[in-house]
Amino acid sequence: MSMDWKRYEPQEFFDELVTANGNPRAPARRLISYLGSLSDEEIETRRQMAEATIQEMGISFTVYTEEGNIDRAWPFDIVPRTISARQWSTTAAGLKQRLKALNMFIDDLYHDQNVIKDGIIPEHIITESKNFRPECVGISPPYGAWAHICGTDLVRAEDGEFYVLEDNLRVPSGVSYMLENRGITKRVLPELFENDRILPVDDYCSNLFDTLVSLSPRKIKKPVVVVLTPGIFNSAYFEHAFLAQQMGVELVEGSDLVVSDDDCVFMRTISGLERVDVIYRRIDDLFLDPEVFRKDSVLGVPGLMRAWQNGNVALANAPGAGVADDKVVYAYVPEIIRYYLNEEPIIKNVETFLCEDPEQRAYVLANLDKLVVKPANESGGYGMLVGPHSTKKDQATFAKLIKENPRNYIAQPTLKLSTAPTIVEKGALEPRHLDLRPFILQGKDMYVTTGGLTRVAMRKGSLVVNSSQGGGSKDTWIVETGEA
């Protein structure tokens with residue numbers, strides 16, 4: 001007996017691999033045919049091989065709980081998610097368009113603020129943003145780029161089109177898992193990589209390195225790049241170490257760096273101090289420099305902001321980039337694209353209701369059982385209300401929160417997120433909802449990953465894909481189908 005695709009039912013959702021009448025979609029035909037040729041025992045062997053690989057390679061993430069921090073093995077499903085190269089080409093163009101406009105927006109906010117003067121976005125949205133940094137006013141990073149690494153969350157709705165769910169412009173994480181997912185899948189399903197129909201993803205780290213090098217204030221042959229981590233107890237530490245290792249650069253903590261009297265940054269080494277040109281920081285703004293932000297921070301580097309403001313070191317992402325990471329600002333991004341680029345957005349936003357608007361707030365409060373309510377600046381799936389899965393008590397709590405601080409909340413329809421076949425037991429497949437986080441780089445040049453990190457809601461019916469909330473992951477295949 002083999003994996004029974006005929007019994008797989010995508011239900012009323014758009015399924016990534018199978019059409020509504022049960023036929024394989026073009027990018028998935030070879031995959032489905034191959035998996036269908038394997039016995040239950042072979043499928044189980046390969047699933048166990050994936051688990052063993054994850055253990056062997058130490059691929060983990062950290063969950064914060066009341067009992068303490070728990071390291072867990074990366075949850076992974078061996079059935080990949082497939083997307084046609086033709087559709088991805090359009091999606092990648094839309095992602096580049098979006099980041100280009102967002103960087104122009106951030107740069108404008110810290111300079112002339114024409115976007116406010118011209119009435120595109122209300123001034124109070126920015127002045128009340130907890131991620132607007134007055135310390136960044138007047139700074140001009142290289143190429144006008146503030147968010148050099150962006151993780152944009154996409155969802156596919158029932159019409160089969162991708163929509164932007166949110167932008168992550170502060171310290172976006174997850175790309176290491178995208179790369180590790182491919183490595184695991186190559187071990188588990190090597191036969192399917194014997195031709196070039198599945199586009200590669202392994203150029204990300206070299207593109208990231210080139211992006212960082214392009215930001216160097218010293219135009220020297222080999223600028224010194226480091227990855228700045230909060231340390232081993234951070235939930236994304238695996239990724240920090242992975243990216244440093246893949247780029248061949250040092251992984252440092254705040255105590256490894258020092259700012260000299262001439263406002264240059266140096267790294268402590270066994271050979272003495274070595275000047276640092278570019279810092280890929282994985283620390284939030286408020287912990288970067290105790291001289292400027294949180295005085296009690298032991299994670300950052302005293303004087304780091306001075307060094308950056310004086311143009312002696314590049315920081316990626318730049319402090320203050322998070323002002324565009326606000327879910328309220330997200331609602332204005334289509335207009336931001338039109339304003340700065342004079343173009344129509346290639347990828348649409350999900351319909352969004354701003355709770356600060358009295359009319360929209362009234363609608364949200366009357367429909368809490370149907371909507372997804374999100375705070376403006378939380379991440380990881382925390383602080384959300386998923387209306388259809390909530391209780392009356394949950395809804396009453398959120399109604400109170402919205403009334404107390406309407407600026408801090410948005411609401412969106414409960415989307416019929418696309419699904420993909422996921423193994424739930426030996427050989428048995430069930431649809432599970434998923435999203436996609438591609439990564440976009442902007443420095444001297446722009447780059448978009450071939451696909452991204454597919455996150456899966458492993459619990460039946462769940463729409464929450466975050467690993468911290470019980471979600472898992474799949475490899476993402478961009479496939480050349482040969483079809484027009």
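## Domains

Let's start with the overall division: the protein chain splits into domain 1, covering 218-312, and domain 2, covering 351-413. Taken over C-alpha atoms, the centres of domain 1 and domain 2 are 38 Å apart. Please keep in mind while reading that this is a predicted model.

## The parallel sheet and helix 8

A good place to begin the tour is an open sheet of four strands, paired in parallel and arranged in the order 7-6-11-12. Its edges are formed by strand 7 (250-252) and strand 12 (314-316), each of which pairs on one side only. On average, neighbouring strands of this sheet are turned by 25° against each other, direction ignored.

Within the sheet, strand 6 (residues 225-228) and strand 7 run parallel and are joined by three bridges. If you would like a residue pair to look for here, Val227 is placed opposite Leu251 in strand 7. Helix 8 (residues 237-247) lies across strand 6, strand 7 and strand 11 (278-281), and its direction is at about 150° to strand 7.

## Helix 7 against helix 8

Helix 8 also has a helical partner. Helix 7 (residues 204-214) packs with helix 8 at an angle of about 80°, and their axes are 9 Å apart. Helix 7 is therefore roughly perpendicular to helix 8.

Which residues make the contact between helix 7 and helix 8? From helix 7 they are Tyr204, Cys205, Leu208, Phe209 and Leu212, while helix 8 provides Phe242, Leu243, Gln246 and Met247. By class, the contact of helix 7 with helix 8 comprises eight nonpolar residues, one polar residue and no charged ones.

## The antiparallel sheet

Another open sheet has three strands in the order 8-9-10, with antiparallel pairing. Strand 8 (257-259) and strand 10 (272-275) each have a single partner strand, so one side of each is left without a neighbour in the sheet. From one strand to the next, the twist averages 40°.

Strand 9 (residues 265-269) pairs with strand 10 over four bridges in the antiparallel sense. Here you can find Arg268 opposite Leu273 in strand 10.

## Strand 23 and its neighbours

Is strand 23 (residues 472-479) largely enclosed or open? Eight of the eight residues of strand 23 are buried, so the strand is largely enclosed by the rest of the structure.

Strand 23 is joined to strand 3 (residues 76-84) by six bridges, and these two strands run parallel. In this pairing, Ile83 stands across from Ile478 in strand 23. Three bridges also link strand 22 to strand 23, this time with the strands running antiparallel. There, Arg455 is opposite Ser473 in strand 23.

## Thr449, a buried loop residue

Strand 22 (453-456) also helps to locate our next residue: Thr449 sits in the loop between strand 21 (446-448) and strand 22. Thr449 has a relative accessibility of 1% and therefore counts as buried, the cut-off being under 20%.

What does Thr449 contact, leaving aside its neighbours within four places in sequence? The residues are Trp88, Met178, Tyr204, Pro438 and Phe439. Tyr204 will be familiar from above, as one of the helix 7 residues in the contact with helix 8.

## Helix 3, helix 11 and Tyr339

A further helix pair is worth a visit. The axes of helix 3 (residues 85-109) and helix 11 (residues 333-341) come within 9 Å and cross at roughly 80°. Helix 3 and helix 11 are therefore roughly perpendicular to each other. On the helix 3 side, the contact is made by Gln97, Arg98, Lys100, Ala101, Leu102, Met104, Phe105 and Asp108. On the helix 11 side, the residues are Val333, Ile336, Ile337, Tyr339, Tyr340 and Leu341. By class, the contact of helix 3 with helix 11 has 10 nonpolar, one polar and three charged residues.

Tyr339, a member of helix 11, deserves a second look. With a relative accessible area of 27%, Tyr339 is partly exposed. Not counting residues up to four places away in sequence, Tyr339 touches Asp108, Asn114, Val115, Asp118 and Ile120. Although Tyr339 and Asp118 are 221 residues apart along the chain, 9.4 Å separate their C-alpha atoms.

Note on methods:
Residues are numbered from 1 along each chain as its sequence is written. This is a predicted model: local features need pLDDT of at least 70, side-chain atom pairs count only at pLDDT 80 or more; totals for chains, interfaces and linings use all residues. Side-chain values use heavy atoms; hydrogens and water are left out. Two strands pair if DSSP finds at least two bridges between them. Axes are lines fitted to C-alpha atoms, for helices over the stretch in contact, and angles run from 0 to 180 degrees between N-to-C directions. Contact means heavy atoms within 4.5 Å. Angles under 35 degrees count as roughly parallel, over 145 as roughly antiparallel, 65 to 115 as roughly perpendicular and the rest as oblique. Ala, Val, Leu, Ile, Met, Phe, Trp, Tyr, Cys and Pro count as nonpolar, Asp, Glu, Lys and Arg as charged, and the others, Gly among them, as polar. Domain bounds come from an automatic or database domain assignment. Buried means under 20% relative accessible area, exposed over 50%, partly exposed in between (1.4 Å probe, protein chains only).
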